[in-house]
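Trainee: I should like to learn how to read the features of a structural model such as this one. May we take them in turn?

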Amino acid sequence: MQNFLSNQNKHFLFLILILIHVCLLKPTQVFADLPTGNAVKDPNAILRNSLPIKQVELQEIQHKLEDTSDLVRGGRWPALSKTVTKCQSLLKKYKSRIIEELPNEKQKIAENTFLDLKNDFDNLQDEAKSKDKYSFITTRREALDKIGGLEEYFLPNEFPYSIPSEFDHLPRLLGRAKVNIKTSKGDMQAIIDGFNAPLTAGAFIDLSSKNFYSNMPINRAEEFFVLQTGDPVGNEIGYIDPETNVERHVPLEIRIPTESETFYNETFEELGLYTETPTLPFATLGTLGWSHSSAAVDDGSSQFFFFLYEAELNPAGRNLIDGRNAAFGYVIEGFDVLEELTKDDTIISIDVLYGMDKLKLNA
């Protein structure tokens, strides 16, 4: 008893009594399991963020300007004006450093773009002070497009990622392409991202250029979830290579920002990456995804789907498709058309507007 009530033990007993008292009076708080930060749901922002560049100053200006999205939505005008002031300061601080990193032939173009950005930021400041929401949104979009154009000047000359040799026979898109998707309800335009999904994007652009998707029916429509097409009329369910007379298969292909190489034919579940967000996430209306069977992840051939983003049913960063299917692009125009499409509609044609020079039919 004497040993237990030594001075040291008395201090321990006193601390235990305090902890019990605190816990009884103030129960442990339970916080909702929400993603850290705001998931990016703008397709253009996702495409900017997924460029394989390391120009941190320009990206800092981009991210600071993108941060105004929630502020303008909430009508927080003083905070909005303050953020624009920070953007103006960053532009002035980093302009010379950014231009110096560019090749000589791009520097003059960049200088003119920075002058345009300065004017845009001045206009944003005026629009924030006058609380002109719609003009602010329009000017911000124009400024972000210019920043995205500058960021493309920093793309590497060579394709930055390796593709396993076992896929040497497959087409690949070593960059980005833009397509026009003509449907029975109207036209949509999409950016196809070969940087982060070269084989998937390559298969899609290859088939589009072959007119494979012309007059292709939408064969699956689930409200608030997906619209799927690419299943050819007849007994086949994919693309049959005329040279081999065998259905061509595209592997599951997913990149995440924290890894140097792309994952092939492995789902997030198999990798133990339960909370990761892919570089190209299913986070917005019109995300283009590659289909595969429920039995395997490497048997996708020609079928693809439009993800019908619904925030309550498929929250960005917490849906059931990320890490199980490959995203390979985003609709950037024609969202009203996409929302009208049903199983009774048809893909009339998919035309490649630019980027065919990035398509390689094999390694």
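Mentor: Let us begin with a definition: a residue is buried when its relative accessible area is under 20%, exposed when over 50%, and partly exposed in between. Please keep in mind that this is a predicted model.

Trainee: By that scale, is Lys 146 buried, partly exposed or exposed?

Mentor: Lys 146 has 26% relative accessibility and therefore counts as partly exposed. Asp 120, at 7%, counts as buried.

Trainee: How should one read a salt bridge, and which residue does Lys 146 pair with?

Mentor: Side chains of opposite charge can pair when their charged atoms come close. Here, Lys 146 forms a salt bridge with Asp 120, with 2.7 Å between the closest N and O atoms. Lys 146 belongs to helix H7 and Asp 120 to helix H6, so the pair ties together parts 26 residues apart in sequence.

Trainee: How many salt bridges does the whole structure hold?

Mentor: The search finds 12. One of them joins the side chains of Glu 57 and Arg 97, at 3.2 Å from N to O. This pair links distant parts of the chain, as Glu 57 is in helix H3 and Arg 97 in helix H5, 40 residues apart. Glu 57 is buried at 12% relative accessible area, whereas Arg 97 is partly exposed at 40%. In addition, Asp 206, Lys 210 and Arg 248 are linked in a network of salt bridges.

Trainee: How does one read a helix, and what span does H6 reach?

Mentor: An α-helix has 3.6 residues a turn, so residues three or four places apart point the same way. Helix H6, residues 104-129, has 26 residues and reaches 38 Å from its first C-alpha to its last, close to the 38 Å expected. Its buried residues include Ala 110, Thr 113, Phe 114, Leu 117, Asp 120, Phe 121 and Leu 124. The buried residues of H6 pack against helices H3, H5 and H7. Just after H6, Lys 131 takes a positive phi of about 60°.

Trainee: Finally, how is empty space found, and how many cavities of 30 Å³ or more are there?

Mentor: Rolling a probe the size of a water molecule over the atoms shows where empty space is left. The structure holds two such cavities. The largest has about 70 Å³ of space, and its 13 lining residues divide into six nonpolar, four polar and three charged. The second largest has about 50 Å³; its lining has six nonpolar, four polar and no charged residues, with Trp 290 and His 292 among them.

How values were computed: Residues are numbered from 1 along each chain as its sequence is written. This is a predicted model: local features need pLDDT of at least 70, side-chain atom pairs count only at pLDDT 80 or more; totals for chains, interfaces and linings use all residues. Side-chain values use heavy atoms; hydrogens and water are left out. On a 1 Å grid over the protein atoms alone, a cavity is a set of points where a 1.4 Å probe fits but cannot get out, and a pocket is an open set with protein on both sides within 12 Å along at least five of seven lines; lining residues have an atom within 4 Å of a point. Grid points are joined across faces, edges and corners, and a volume is the space filled by probe spheres set on the points. Ala, Val, Leu, Ile, Met, Phe, Trp, Tyr, Cys and Pro count as nonpolar, Asp, Glu, Lys and Arg as charged, and the others, Gly among them, as polar. Helices (H or I, at least four residues) and strands (E, at least two) are DSSP runs, numbered from the N terminus. The expected span of a helix is 1.5 Å times one less than its number of residues. Buried means under 20% relative accessible area, exposed over 50%, partly exposed in between (1.4 Å probe, protein chains only). Contact means heavy atoms within 4.5 Å. A salt bridge is a side-chain nitrogen of Lys or Arg within 4 Å of a carboxyl oxygen of Asp or Glu.
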